[in-house]
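Colleague: I'm new to this one. Could you take me through it and tell me what the labels rest on?

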Amino acid sequence: MSQTNNAGTTNTNQNNQNNNRKGGNKNYQNRNNNNQQQQQGGQQQQHRNKHQNQQGNQNQQGGQQQQQNKQGHRGGKAPSNVESFPINLSQQQIQQLQAYQQQIQQNQSAQFQSNFLPPATALYTPVINYFINLYNNFKSQSHQDILVSYDSFFKSCETYYPHCALPTIENLIPILGDKFEESSFTDRFFVLLYKEIYYRYYYALVFQPNINTCVESWQNYYQIFHTLLSANSPNDVEIDLPNAWLWDLVDEFVYQYHTFAKFKLKKQDVDFLSENPEIWDTTNVIRYLYYIIKKSQIFSANTNRFESSSEDFCSHPVYKMLGYYSVISLVRVQCLLGDYTLALKTLELIDMGKKAMYTYVTACHITLYYYLGFAYLMSRKYNEATKALNTILVSVASKSKSQNFQSDHNEKKTDKMYALLTICQALYPNKIDENVSNNLKEKFGDKLLRLQKGDLSVYEELYTFAAPRCIGPVPPYISGFNVTALDPHRLQLSLFLEEVKQQSLLTTIRSYITLYSTISIQKLAGLLQIDPEDLRVKLTCYKHKLFNVLGKGETKWNNQLDIDFYIDQDMIHIDNRLYAKETDSFINSILKFEGSLTPSYNWM
């Protein structure tokens, strides 16, 4: 008997939920296109991976608006022509479902929908088959088979549970029958992983889940990490997961922490968190990431050995890749907290070569370079930010035709990186790849011209669109549940705009001094219509901002721009590097082709 009414009941009122990050796996996110904007009390809610900019007096949640012109199949009902079996709901689930339906009938469900999903009321035959297949492949430990079934299960859930939670593990375990052994480590860990998928799906459909769901998800992550960290030997952990799943696990952990840190809490939530301060606490999140890195031994393993010892956790692929992805996730947390210096220092642990391990998963590759470029930008290392963003955008362009892995999510991240690169090019012009330059002009060419003229509103617009939503390290139940005066994101924005204001006059100064080889301070001050002593201070400031650190792990600073100058008493001496570089390039080209133009008479 088909049970589709309850799933269909939620259809009309759930189209506003964000579904972009539900799986983080192949093909799964290609269909996450039903993003719309939700209004609550005149405030804009943040949704994952947004594509439009917010301005004015809106309460910016993530600094982005949702893309409203895309409509996916989530707008429709679950298929009614598929065999299904009813789920026996608990008394609590029945009460939640009744309350949910009552809210819909009364047309007062906006706030209720924002933190609650109705439970699944039916098990569909395709979902059952995909679940059994996922379990069997997980037990077989075949990477390729696990990845295929992992993707297939998510696609089936997307089709049959578009507006409700997934079936709980308690509903699905009886299907496995005698195959499931509660005493088996593999089976018990599979239960934890399914619960993680359950909550990940929940977060994908709900902007701000209710506090109970947040607590349950945190407790499940605690059990997963505790299981892995408490192992005495890698041989005790009889599991193997594909890299995409491991990345999804850690990435979603940080995402849920980030979501929780931006919550607008109710009074009862504040009271509950005051009694349970460990729930999504910043210190605990960072501690777990450090513990995983330490447990994986990826930086302490003896690299001189020809073979890794079986007692090294680094020899276990799950620990090795989980530790590696935890480093990247730690960098992400540090950027979200505004500690860009520590983020760049942490990145020194990672090999940034073309064949490094972060390239195994496209989403990981893009995430790493996105936060790397953002950290360089906020650290005023515009030259390095440009190099990082140019590198990843060249790589993405070569994979642009691929539609089999997080294409929608990656496309939005790519647009953000182009926006960051536009800011870098306005503040610190540098040579970039020709194709990247053409794409940048196509996407943000008009904004780049306005940036070069010092238009602060465009700087704010691009920063709001491209920058991650910064958070504070203080838990929300301590900092307050409706405080916006000390919003970390606004503070970071104000610091960035202050830097831009300083740079705007320096750009004008640069436009003048490039025309001279020497000029007096008095004459330049007259051209700029400012006081000569004030100009001397501005020139000193400009000189300071011309210098950027050379790169990762370097302590040497160097001027990377095409111009330099020094002040001797009241005279400014300008060294225009642009013409010198062109001359050197011309001479080098002559020398390069000189041999080919000289006839060779050596026939021996």
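Modeller: Sure. Let's start with a word we'll need: a residue is called buried when its relative accessible area is under 20%. In this predicted model, 53% of the 604 residues count as buried.

Colleague: What is the protein built from, and how much area does it expose?

Modeller: It has 23 helices and eleven strands. About 27700 Å² is exposed, and carbon and sulfur atoms supply 49% of that. As for contacts between residues at least 6 apart in sequence, 74% join residues at least 24 apart.

Colleague: How do you know that the span of helix α8 agrees with its number of residues?

Modeller: Helix α8 covers residues 211-229, which makes 19 residues. At 1.5 Å a residue they should span 27 Å, and the end C-alpha atoms are 27 Å apart, so the two agree.

Colleague: Which residues of α8 are buried, and what covers them?

Modeller: Among the buried ones are W218, Y221, I224, F225 and L228. The cover includes α7, α9, α10, α11 and α12. At the start of α8, a side-chain oxygen of N210 comes to within 3.2 Å of the backbone nitrogen of N212.

Colleague: Then there's P234, in the loop between α8 and α9. Why does P234 count as buried?

Modeller: Its relative accessibility is 4%, and the cut-off for buried is under 20%, so P234 goes in that class. P234 and P317 are 83 residues apart along the chain, yet their C-alpha atoms are separated by 9.6 Å.

Colleague: Why is L342 called partly exposed?

Modeller: L342 has a relative accessible area of 35%. Partly exposed is what lies between under 20% and over 50%, so the label fits L342. This residue is in helix α13, and together with Y290 and Y291 it forms a nonpolar surface patch with about 280 Å² of accessible area.

Colleague: What makes R380 and Q569 stand out in their phi angles?

Modeller: Neither is a glycine, but R380 has a positive phi of about 65° and Q569 one of about 60°. R380 is in the loop between α14 and α15, while Q569 lies in the loop between β10 and β11.

Colleague: Are those two buried or exposed, and why?

Modeller: R380 has a relative accessible area of 15%; that is under 20%, so R380 is buried. Q569 has 67%, which is over 50%, so Q569 is exposed.

Terms used:
Residues numbered from 1 in each chain as written. Predicted model: local features only at pLDDT ≥ 70, side-chain atom pairs only at ≥ 80, totals over all residues. Heavy atoms only, no water. Helix = DSSP H or I, 4+ residues; strand = E, 2+ residues; numbered from the N terminus. Expected span 1.5 Å × (residues − 1). Buried < 20%, exposed > 50% of the residue type's maximum accessible area, 1.4 Å probe, protein only. Contact = heavy atoms within 4.5 Å. Polar contact = N/O pair within 3.5 Å; in protein donor to acceptor, adjacent residues only side chain to side chain. Patch = residues over 30% accessible without salt bridge, like charges linked within 9 Å, V, L, I, M, F, W, Y side chains within 5 Å. Areas by Shrake-Rupley, 256 points an atom, 1.4 Å probe, with all protein chains shown as cover. Salt bridge = Lys/Arg side-chain N within 4 Å of Asp/Glu carboxyl O.
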